[in-house]
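Let's take a walk through this model together. Keep the viewer open and follow along as we go.

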Amino acid sequence: MVVDACRIHLRGCCGDSLDKLEGPNYKIIIDDCLKMLDEYKETGRKFDVIINDLTDIPIATSPQGEMWDFVKKIINKSLVVLRDDGSYLNHALGESCIEALKTYEAMLSTLPVKVTFQRHSAYVPSFMENWVFYEIKKV
């Protein structure tokens, strides 16, 4: 339903990119990401880019709890199916959430797979704030 609404009402930013969910070099899959990541791991499938638009990172000063566990699970499963030279992209929070962003970056250093990251930000009018985005790569 969200994709259909974007296809109809957000053509100004989406253009015709959602008119077809599959093309010669892409496929938009609407499914349970944990199930799909497990399937890709089992079949040995690898990806150049993985875009995580599931959830913001938790606003917290300690990477503990159910939401942090979910964030770590998604990143870890994604890194398994990411090519060694691939990029994992995700949005985080607004720049004003300084401690939560520091906590996220510290958590990245504790993953089983060593990673580097670049942090980018851009003003997002609907959030009325500069929003932080990450590009994570395996070392």
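Is tyrosine 40 buried or exposed? Its relative accessibility is 12%, so tyrosine 40 counts as buried. Bear in mind that we're looking at a predicted model here.

Tyrosine 40 is a handy way into the aromatic side chains. There are 4 aromatic pairs in the structure. In one of them, the rings of tyrosine 40 and phenylalanine 47 sit with centres 4.9 Å apart and planes at 65°; an angle over 60 degrees makes a pair edge-to-face, so that's what this one is. Phenylalanine 47 comes in at 19% relative accessibility, and since the cut-off for buried is under 20%, phenylalanine 47 counts as buried too. Now look at phenylalanine 127 and tryptophan 131, an aromatic pair of the tilted kind, with 4.1 Å from centre to centre and 35° between the planes. Here the two partners part ways: phenylalanine 127 is partly exposed with a relative accessible area of 44%, whereas tryptophan 131 is buried at 8%. Tyr104, Phe117 and Tyr134, meanwhile, make up one aromatic cluster.

That cluster leads us to strand β4, where asparagine 90 lies. At 6% relative accessibility, asparagine 90 counts as buried. Its side chain makes a 3.1 Å polar contact with the side chain of tyrosine 104. Setting aside neighbours within four places in sequence, asparagine 90 is in contact with Asn52, Tyr104, Phe133, Tyr134 and Ile136, and Tyr104 and Tyr134 are members of the aromatic cluster we just visited.

Histidine 91 is in strand β4 as well, and with 12% relative accessibility it counts as buried. What does its side chain hold on to? There's a polar contact of 2.8 Å to the side chain of aspartate 53 and another, of 3.1 Å, to the side chain of aspartate 56. Leaving out residues up to four places away in sequence, the residues that histidine 91 touches include Asn52, Thr55, Trp131, Val132 and Phe133. So tryptophan 131, from the tilted pair, turns up again beside this histidine, as the contact list of histidine 91 shows.

Follow that 2.8 Å contact across to aspartate 53. UniProt, in an unreviewed entry, lists Asp53 under "active site". The residue sits in the loop between β3 (47–52) and α4 (66–81). Unlike its buried partner histidine 91, aspartate 53 counts as exposed, with 59% relative accessibility.

Past that loop comes α4. With 16 residues at 1.5 Å each, the helix should span 22 Å, and the 23 Å between its end C-alpha atoms agrees with that. Which of its residues are buried? They are Trp68, Val71, Ile74, Ile75, Ser78, Leu79 and Val81. Looking down the axis of α4, you'll find these buried residues within an arc of 165°, so they line one face of the helix. The spacing makes sense: an α-helix has 3.6 residues a turn, so residues three or four places apart point the same way. Among the elements covering the buried residues of α4 are α3 (33–43), β3, β4 (82–94), α5 (98–108), β5 (115–124) and β6 (129–138).

Finally, zoom out. The unreviewed UniProt entry annotates residues 1–139 as "domain: PABS". That span is 36% helix and 31% strand, and its end C-alpha atoms lie 38 Å apart.

Methods
Residues numbered from 1 in each chain as written. Predicted model: local features only at pLDDT ≥ 70, side-chain atom pairs only at ≥ 80, totals over all residues. Heavy atoms only, no water. UniProt positions renumbered as here; feature names shortened; annotations may be inferred. Helix = DSSP H or I, 4+ residues; strand = E, 2+ residues; numbered from the N terminus. Buried < 20%, exposed > 50% of the residue type's maximum accessible area, 1.4 Å probe, protein only. Polar contact = N/O pair within 3.5 Å; in protein donor to acceptor, adjacent residues only side chain to side chain. Expected span 1.5 Å × (residues − 1). Arc of directions from axis to C-beta. Contact = heavy atoms within 4.5 Å. Phe/Tyr/Trp six-rings, centres within 6.5 Å; stacked < 30°, edge-to-face > 60°.
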